Amino acid sequence: MNGSTIAINHPFTEHDPYGSLSMPVYHTAAYEFASASEMAAAFTGKSSAPSYSRVTNPTVTYFENKVKAITGATNVFAFNSGMAAISNILFALGGNGKTIITSPHLFGNTFALITGTLARFGIKNKLVDFTDIDSVREATADKGNCCIFLEIITNPQQEVADLRAIAEIAHERHIPLVADTTMIPFTEFSAKDLGVDVEVVSSTKIITGGATSLGGLVIDYGRYRQVEPRIRSELLYNLGAYMTPHAAYMQSLGLETLSARYGVQADHALQLARKLKTLPSIKKVTYLGLEDNPNYQLARSLFGKTSGALITFDLDDEDACFRAIDRLKVVRRATNIYDNKSLAIHPYSTIFGNFSPEQKASMDVLPTTIRLSVGLEDVDDVFEDVKQAVED
Ligand SMILES: *Cc1c(COP(=O)(O)O)cnc(C)c1O
């Protein structure tokens with residue numbers, strides 16, 4: 001069945017006494033039991049009855065089950081934020097002295113988590129260039145690697161790694177491949193079919209439908225058993241980062257319109273990228289859906305027809321970027337991506353503002369780049385706005 005149909009019609013697990021067509025929101029921390037033995041069964045995992053909302057909640061389970069049905073995953077876990085999902089999967093797979101194979105081209109907080117926080121607790125990391133398959137093969141030859149962690153489309157560089165080739169190396173070496181797939185929704189392509197073992201998603205982005213709440217997902221394809229026991233029986237309890245019922249309700253609603261919204265946003269992004277290329281003050285437009293993008297063919301082979309809704313473009317210098325951002329009237333000056341609203345930001349001075357110029361150079365984050373996340377507005381309105389902002 002199509003992902004949209006599942007997202008809209010997936011049945012709630014329990015019979016609702018009022019036949020509510022919308023998902024009831026269970027705003028409760030604890031649950032009452034009819035007997036001591038039922039209580040014991042719930043607390044020891046012998047029954048699926050919820051025991052405490054730090055670990056399970058019917059509204060969150062409903063959201064998780066929808067994602068499970070769409071992706072064909074073995075387990076789906078919903079967390080309080082994308083970063084909570086990422087930290088949970090890395091705690092599930094990592095350990096003192098183990099090494100995470102990753103790249104400097106990562107979401108800023110993921111990079112800081114791996115190279116700062118986790119390193120402080122003895123989880124090591126090795127940074128590789130995922131576009132160089134031989135170097136990935138070489139870096140993973142040693143023992144003691146706990147996972148390969150990559151982003152399917154890096155931001156803001158829009159680098160695409162050959163997921164199939166990396167998955168093949170991961171499987172040869174018996175190392176789980178964890179992919180952050182936030183940039184292309186799971187309704188549009190199957191990470192599982194490309195060989196990804198665990199997907200992580202910041203559901204704060206396109207899933208919510210208008211950035212109503214924070215959320216994150218760990219989508220586990222069941223190839224490494226420790227993912228499920230560690231998250232379900234250890235980390236949900238001990239780290240306390242499970243999604244709240246209110247967020248799960250809003251994100252379930254968002255999921256219903258995800259495919260429709262994403263389709264429009266990605267289509268507008270392609271139209272805008274083509275038009276922005278015609279403006280003389282813009283030196284370079286980077287979008288995976290443009291035929292002259294060096295990753296165009298690879299992105300096609302991985303994600304099919306879709307290329308995301310994020311564009312970057314380069315102006316003469318940092319001053320020109322600041323001037324253009326200040327002049328925007330329709331596009332909003334904000335971080336976040338894949339909101340209903342189009343959003344512009346200068347990554348060099350904001351998201352990466354606390355990194356040194358050398359670090360930024362190593363991440364290919366340039367002072368001349370503006371990032372534009374394309375929303376649902378009329379595409380001509382967005383184009384005219386950017387045009388008046390960048391023209392002298
Ligand atoms: C936003 C984002 C995250 C972090 O998600 P939060 O929900 O903000 O914690 C992780 N990875 C990618 C690719 C993101 O865009």
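Colleague: Into which domains is the chain divided, and where does each one run?

Modeller: In this predicted model, the chain is divided into domain 1, covering 3-252, and domain 2, covering 259-390. Taken over C-alpha atoms, the centres of domain 1 and domain 2 are separated by 27 Å, and the contact draws 33 residues from domain 1 and 31 residues from domain 2.

Colleague: How should I read the surface that domain 1 and domain 2 bury between them, and what share of it is on carbon and sulfur atoms?

Modeller: Buried area is the accessible area that two parts lose on being put together, summed over both. Here domain 1 and domain 2 bury about 2800 Å² between them, with 63% of that area on carbon and sulfur atoms. On the side of domain 1 that touches domain 2, the elements giving two or more residues are α5 (108-120) and α7 (163-173); by class, that side of domain 1 has 16 nonpolar, twelve polar and five charged residues.

Colleague: How many salt bridges does the rule find across the interface of domain 1 and domain 2?

Modeller: The rule finds zero salt bridges across that interface, whereas the count of residue pairs in polar contact between domain 1 and domain 2, both at pLDDT 80 or more, is ten.

Colleague: What is the count of salt bridges by this rule, and which side chain does glutamate 256 meet?

Modeller: The count comes to nine salt bridges, and in one of them the side chain of glutamate 256 meets that of lysine 66, at 3.7 Å from N to O. Because glutamate 256 lies in helix α9 (residues 245-276) and lysine 66 in helix α3 (residues 58-71), the pair ties together parts that are 190 residues apart in sequence.

Colleague: Which residues come nearest to the ligand?

Modeller: Of the 13 residues around the ligand, those that come nearest are Gly82, Asp180, Ser202, Thr204 and Lys205. For glycine 82, a backbone N or O atom lies 2.8 Å from an oxygen atom of the ligand, while an N or O atom in the side chain of threonine 204 is 2.6 Å from a ligand oxygen atom. With aspartate 180, an N or O atom of the side chain is 2.7 Å from a nitrogen atom of the ligand.

Colleague: Which backbone angles deserve a look, and what do most residues and peptide bonds do?

Modeller: Most residues other than glycine have a negative phi, and most peptide bonds are trans. In this model, a cis peptide bond joins asparagine 155 and proline 156, with omega about 10°, and proline 156 lies in the loop between β4 (145-151) and α7. Tyrosine 338, a residue other than glycine, has a positive phi near 65°, and tyrosine 338 is found in the loop between β10 (332-333) and β11 (343-345).

Note on methods: Residues numbered from 1 in each chain as written. Predicted model: local features only at pLDDT ≥ 70, side-chain atom pairs only at ≥ 80, totals over all residues. Heavy atoms only, no water. Domains from an automatic or database assignment. Contact = heavy atoms within 4.5 Å. Buried area = accessible area lost by both parts, 1.4 Å probe. Salt bridge = Lys/Arg side-chain N within 4 Å of Asp/Glu carboxyl O. Polar contact = N/O pair within 3.5 Å; in protein donor to acceptor, adjacent residues only side chain to side chain. Helix = DSSP H or I, 4+ residues; strand = E, 2+ residues; numbered from the N terminus. Nonpolar A, V, L, I, M, F, W, Y, C, P; charged D, E, K, R; others polar. Near = heavy atom within 4 Å.
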